[in-house]
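Look at the model below. Then read on to see how one chain meets another and how two helices pack.

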Amino acid sequence: MKKIIVTGILAFVALATQAQKKIEYVEYDLPNGIHVIIHEEHATPIVAVSILYHVGSKNEIAERTGFAHFFEHLLFEGSANIGRGEYSELVEKNGGTLNANTSQDRTYYYEILPSNQLELGLWLESERLLHAKVDNTGIETQRSVVKEEKRQRVDNQPYASFITEMFKRMFTVHPYNWVPIGSMEHLDAAQEEDYVNFYKTFYVPSNATLSIAGDLNVDETKKWIEKYFASMPKGQAINLLRDFENLSDDDFFKRYSVAKSKFDAKDFMNSKSPEAKRLIGMYSNKAIEIPRPQKDSEKLTGIIKDVVYDNIQLPAIFMGYKFPAQTHPDTYALEMMNEVLSGGTSSRINKTIVEKKEMATFAFSFNYGLEDAGVGIMAAIAAQGINLDDIQKEFDLQIEMMKNELISQEEFEKVRNQFENNLVSSNSSIAGVAENLADNHVYYGSASRVNNQLENYMKVTREDIQRVAKLYFTQDARVILHYLPKEK
Amino acid sequence: MKKLIIITGLILPTLLFGQLDRSIRPTPAKAPTINIKDSEVFTTANGITVILSENHKLPRVSFALSMGSDPRIEGAKAGMSDMSGSLILSGTTNRTKDQLDNEKDYIGASIDASKSSISLSCLTKHMDKGLTLMSDVLMNANFPESEFERIKKQNESGLLSAKSDPGTMAQNAESKVNFPNHPYGEVMTEATLANITREDVVNYYKSTFTPKGSYLVIVGDITKAQATKLVEQYFSSWAGIEPYKMESGDGQFNKGNRVIFVKKPGAVQSVVQVSFPMKIRTGEPNQLPLNVLNGILGGGGFGTRLMQNLREDKAYTYGCYSSLNVTEDGSWMSIGGNFRNDITDSAITQILFEVDNIANGFVKDDELNLTKSSMAGGFARSLESPQTIARFALNIIKNNLAKDYYQTYLKRLEAINKEDVLTMAQTYLTAKNCNIVVVGNEEIVERLKQFDADGKIEFLDAYGEEMKEVKKADITKEELITKYVLAVTQTTSMKAAQKKMKKIKSYEEKTDLSMSQVPFPLKSTKVWVSPSTEAQKLEGQGMVFQKSFFDGTAGSSTNMQTGKKDLTAEEIASKKKAFGLFPEMNYSTSGMTYEIVGIETLNNSDVYVLKLNDGSTESFDYYDTKTFMKLKSLSINKDGEEVTESSSLFSDYKEVNGLLFPHTVTISMGEMGFTGNVTSIVVNGKIDLSIYK
């Protein structure tokens, strides 16, 4: 009897994973702590070179918010060997593109290059990690760029502050309290020294995952990685080298009591003098402690209801629930539940609240999943003359249905099909593969999760969806925000 | 987690790169060869050429069916084929549009259609269901009347905004002059749109969507056996007539430069497009070196010759680009940008100089190499999309290209040298036989004559149609005003009109406005109280977005976003010049500056053009020469450098209390277009002015 069940499940899993092709890769750690992932695939003669730094806004201190995102900008300013503005020029001139992004949990940089330029990509990223330009000229330039970005993306966008407002109330202890764009006052108040320290703390080999995918030869790639990355000092020695390159003779001596002249500028790590050897040895063995916040354990204890006035024309409602961290097994069921509620025009929320009852011009729900916690958000922009409380009642009705009844078999099939389609598409580009591998390594402790993501979703049952609805839609503990037009 | 780490990584010898000189930049390895797999090609009994490109990287598949008919000349029904394309997915004899959408979403597929193609993309395991839908659309599309009307309306509002967009105006003129009597020279206008019937659209579909000569490109995770079987199953019953064939020709080549001017009243910037057709078709050997030439001249980026000269050096513009268009039915090059009025002529001089200059000597190694590397990179990256491979396969078959045409792309690109680039420039480029299209302010016309070979500038309208010359008006401005007033008041003398108007104490007009960009209806209310009080509000969704009030001496305007503001002295002065229910009656005493410009045509009617200036805004009113009704009003609003145009078209004049008022108003403001239907007009009713303050 038991055997049959097992084979039954296996057959089911085999069927379910049929659509997902296995992604092969090799991974290893360099002695200085850089984690390397290489995916070889020759379909297209291009390569994606990326580094994920495990630093996001949650690693900031409350008085210096916006730093992680600011660095995403600052680190295009150049390095000891790359001139200002030369990063993008070098990449474009060689037929590539580049970009970067920052979340609460990570900062991610990448280039997509013709495959014969892989070495260039590795050199560019190694320069950024080893000795990027972190100085006042760059800081000044990027301050104004970031302010412009905030004006464009947050301040001038109606309702765009809802994440900020929601997270502020949802997390009073955890640094998810603020969002990546952070505070412009903090950026203004910070001194060059603050920026240098941030770089020295978080932009270090042991906090970096180098993920490379595309038309490459693994052995040759490894040799280049040895050349540009394994040669980087380990532990605090990297900051010793950075100080050697940046500080004046006097300042260096003041800090280390050893003259710069004792070091070999051309071959720093192999400096011959006993003083230099001693310092290098000592700092190499000194690990860099990367400050990370404690996981969120704060519970919402009641209903927090607030009004936010914004430059908008139509009122809106945003409701937030505490969902588990993205690594929690319930996440799969929660995401599928959201798809039933809000995936596509035929979803429940769209059909009822928007189309049939015409209560909202736009309504949706989604799971904001992060490393230390998640937030389930339901939102609607009200239609003419509709009271926000009435929309909330309708949302609550949908939540009750989700809790009290199993979703229909047809809805279940549709959602499974949609997830399968999405997952297949998520690995259609080598840039996407490099990013997925890095994310899974950093957040889930295993890059191999890319190969069983679909399986995880397909294991979810209709009963699971009902169970997580009951567990996480806590009607007596949630945040409810009403967005109203500013009085003129 | 640590256990997963692959051992080989750790035992790799730690090479001593101590001496690594980081300032040395890596040099690229040998350029990669492109691996574009050969495609399988087979034909079906009903005449479809099937091109199969297997790609098992992901379990997805796409079927792209494109028709073998040549584009056709639609003349008085220009735009018909596009209308047909946008209606194909509106339902079939077996499925309503809603059913079609639902079934498609259920399998997570996408289905698209255009005037000559239908395509499907889905997971391989859903391809049977996907093809069921795709073939149903292909063979049984039924073009519901309601959808036809909806799409037609959509096109009407599209034309409205296109008419005030200088870029589109330039585009229209350019296609017309380079490709007269050619499918590329066809531009949809209000008149041609009105001519299109549902039957036309159905007939177009029937005669174009026919198996003979069509191409079905299948890309993705599918085997040849599967593909053969599916093609048989879903497409063998597809029948139709012979495809439409027509040799389009290369376009019209000039002898000497032609200057074509499109008037844009009040413009502070001109759109300039210098263009000429080229005798080359897709896949000819010269296409690639021509692309390199275009890249150096102005094909993109900051380093091109046009950008360096006109932006970096002379600061004439934010951007000046050249674009090369090589197609199966005709090819052309177009060079241009936006330039301030006062330097428009200088910019044209420089553009012509660069076109001429690149044919006068070798390009520099730097510029050649930069362009070649960035083209190689772009090509390589584009290969990641299976759709690119599909396009390549199709091009090879359609244009009889060598089987390895794209396989050798990078090699051929690499081999292109300075000599090749010069030969291309000398063969195809011309600075002496161009069409110079300028959309802009009429005041610069004189300075453009120098560029025209015969010194005669041609004038085209917004759609590229020949502009009838402005005829001199046969009446004076005073006579025009009188005729208009008599017409709207339905009287026979000014005295009688004034007497009639004395009895009119108030007026209230309510209009429903619909606008494609706003998902909810807007309502506008306008009131007037004798002699010179006027007010207005605009509301929707239970909110008042805008309101304004003026009592003849002072007033205010209130905007939901920016709040309430008192009218400035300047605004009051302007308003005083246009008071009254029919402000025309007061022009002679209110201080309005007005003059009659002449007679133009507007939607096939002759109209008198009256130019007005109230001291801050210039505007134009258009009166029918036969009925004397006001058909259009256009005002030019300047805010510093920025100029926006707003126009209103008036129609459907109906009588209310013995006076004629338009009941349909079509308003366009920049990119936005509204259609307004007057729902009520009340004369001499009670009016509460307080709600407007």
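## Chain B and its partner

The contact draws on 53 residues of chain B and 59 residues of chain A. Two residues are in contact if their C-beta atoms, placed from the backbone, lie within 7 Å. This is a predicted model: local features need pLDDT of at least 70, side-chain atom pairs count only at pLDDT 80 or more, and totals for chains, interfaces and linings use all residues. Residues are numbered from 1 along each chain as its sequence is written, and chains are lettered from A and ligands numbered from 1 in the order in which they are written.

On the side of chain B that touches chain A, H13(B) gives the most, with eight residues. The table sorts that side by class.

| Class | Residues on the side of chain B that touches chain A |
|---|---|
| Nonpolar (Ala, Val, Leu, Ile, Met, Phe, Trp, Tyr, Cys, Pro) | 28 residues |
| Polar (the others, Gly among them) | 16 residues |
| Charged (Asp, Glu, Lys, Arg) | nine residues |

H13 (residues 365-382) of chain B also meets H10 (residues 287-297) of chain B: their axes, lines fitted to C-alpha atoms over the stretch in contact, come within 9 Å and cross at roughly 115 degrees. Angles run from 0 to 180 degrees between N-to-C directions. H10(B) and H13(B) are therefore roughly perpendicular (65 to 115 degrees). B:Asn291 and B:Gly295 are among the H10(B) residues in this contact, and B:Leu368 and B:Met375 among those of H13(B). The residues of this contact divide into four nonpolar, three polar and two charged.

Chain B has 20 helices and 25 strands. Helices (H or I, at least four residues) and strands (E, at least two) are DSSP runs, numbered from the N terminus.

Technical notes. Parallel < 35°, antiparallel > 145°, perpendicular 65-115°, else oblique.
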